[in-house]
Amino acid sequence: MTTEGQHAARRVELIEVSPRDGIQNEKVVLSTDDKLELLRRIHAAGLRRTEATSFVSPKRVPQMADAEAVMAGARAEPGHAALIGLVLNQAGFDRARAARCDEINVVVVASETFSRKNQGAGIADMVAAASAILAQSREAGIPASVTIAAAFGCPFEGEVPAAKVLGLVESLLPARPDEIAFADTIGCGVPTQVRELLAGAKALDAGMRLRCHFHNTRSTALANVLAAVEAGVHALDSSIGGFGGCPFAPAATGNVATEDVVYLLERMGIDTGVDLQMLIDTAGWLGDRLGHPPMSGLARAGRFPAAA
Ligand SMILES: CC(=O)SCCNC(=O)CCNC(=O)[C@H](O)C(C)(C)COP(=O)(O)OP(=O)(O)OC[C@H]1O[C@@H](n2cnc3c(N)ncnc32)[C@H](O)[C@@H]1OP(=O)(O)O
């Protein structure tokens, strides 16, 4: 379908993760009202899938302590986007189901050390837990994705071989996730890795929906976005303003900025359905709330050509 060097899709789905990844590592804990305002702005800009919160331990991630209140408030908005809850264990899934998330996203980490530090369980236990959660989710009629974190490298173990990540995909396939995401949790990945993982996953299951999650820690995020689009990725995570980072990954910094991704894709003729100016305005608004400016190129330089 694709010629190497050309983008595969005319449309790429964007999943906004600022309400979860974007703010989970910030010193300022946003109020529930500010989170709901962020979600309203996200939806108004045309983003139709949002990772709205995570159902994790409030002691470990106080920024996400109001997950139930965020989900209830967001669900009360007419025509809200699909609200995804991140879950890392059975207790998290029970909470997400009770909060009536439209979708869940389960995290499995590709490195043993990071898995234990992040979610208190090793890889094998997490594959088993994720598989059990996926089965319950399907029974409850809740679409479920799996994110494979640290798929491009680990802050503690270093290189994570693609074969290991693809082995994880293989072990998760029997549980029939609706989508599999490869996450560059610490922003160390490069386009050759993106191509290898996406091609490898397609070879394992040609029908699987594939998604990527990039951080810009080492300035490779947009290059990785382009490689993913060229390799036929279905969906990309991004965070308005480029805010974000995992509290359990040393030196992790922001997600690729949604406005930078939208600018790149739209200028290449790939439809995102998103209003760029509303994203830029929201990046500034969020920066004011968090007490530091957004990290995106578009927030600094503005759109091109400038709006009339
Ligand atoms: C790569 C990424 O960016 S993923 C996103 C960033 N990372 C995270 O959010 C990971 C945060 N990690 C956590 O919150 C925890 O490690 C969990 C919830 C995943 C698992 O916790 P564990 O430590 O294994 O749970 P354990 O069963 O030992 O319980 C410890 C405490 O947490 C509570 N707990 C466990 N799971 C949850 C949950 N999903 N929600 C709320 N509380 C929980 C338990 O009730 C217990 O509380 P207590 O101390 O008051 O008795």
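This section describes a predicted model of a protein with a bound ligand, from overall confidence to local geometry.

The predicted model has an ipTM of 0.97 and a pTM of 0.96. Across the protein the pLDDT averages 95, and 97% of the residues reach a score of at least 70. Residues 1-5 have a pLDDT below 50, and this stretch makes 4 contacts in the model beyond its near neighbours in sequence. Where pLDDT is low, predicted coordinates should not be read in detail.

The ligand is surrounded by 21 residues, of which Ser57, Lys59, Arg60, Asn89 and Arg95 come nearest. By class, this shell comprises 10 nonpolar, 7 polar and 4 charged residues. Two helices, H4 (90-98) and H5 (112-119), each contribute at least two residues to the shell. The greatest contribution is that of H4, with 3 residues.

Polar contacts to the ligand involve both side-chain and backbone atoms of the protein. In the side chain of Lys59, an N or O atom is placed 2.7 Å from an oxygen atom of the ligand. Arg60 likewise presents a polar side-chain atom to a ligand oxygen atom, at a distance of 2.8 Å. At Gly92 the contact is made through the backbone, a polar atom of which lies 3.2 Å from a nitrogen atom of the ligand. On its own the ligand has 970 Å² of accessible area, and the protein covers 66% of this area.

Aromatic packing was also examined, and 2 aromatic pairs are present in the structure. In one of them, formed by Phe114 and Phe156, the ring centres are 5.9 Å apart and the planes meet at 55°; the pair is therefore classed as tilted. The two residues stand 42 residues apart, so that the pair links distant parts of the chain. Phe114 belongs to helix H5, whereas Phe156 is located in the loop between strand S5 (144-149) and helix H7 (162-172). Helix H5 thus carries one partner of this pair and also supplies at least two residues of the ligand shell.

Two features of backbone geometry complete the description. The peptide bond from Phe304 to Pro305 adopts the cis form, with omega near -10°. Pro305 is positioned in the segment after helix H12 (297-301). Ser219, although not a glycine, has a positive phi of about 60°. This serine, Ser219, is part of the loop between strand S7 (209-214) and helix H9 (221-230).

Notes
Residues are numbered from 1 along each chain as its sequence is written. This is a predicted model: local features need pLDDT of at least 70, side-chain atom pairs count only at pLDDT 80 or more; totals for chains, interfaces and linings use all residues. Side-chain values use heavy atoms; hydrogens and water are left out. A residue is near a molecule or strand if one of its heavy atoms lies within 4 Å of it. A polar contact is a pair of N or O atoms within 3.5 Å; within protein, one must be able to donate a hydrogen and the other to accept it, and residues adjacent in sequence count only if both atoms are side-chain atoms. Accessible areas come from the Shrake-Rupley method with a 1.4 Å probe; for residues, only the protein chains shown count as cover. Helices (H or I, at least four residues) and strands (E, at least two) are DSSP runs, numbered from the N terminus. Ala, Val, Leu, Ile, Met, Phe, Trp, Tyr, Cys and Pro count as nonpolar, Asp, Glu, Lys and Arg as charged, and the others, Gly among them, as polar. pLDDT is the predictor's confidence in each residue, from 0 to 100. Contact means heavy atoms within 4.5 Å. Rings of Phe, Tyr and Trp (its six-membered ring) pair if their centres lie within 6.5 Å; planes under 30 degrees apart count as stacked, over 60 as edge-to-face and the rest as tilted.
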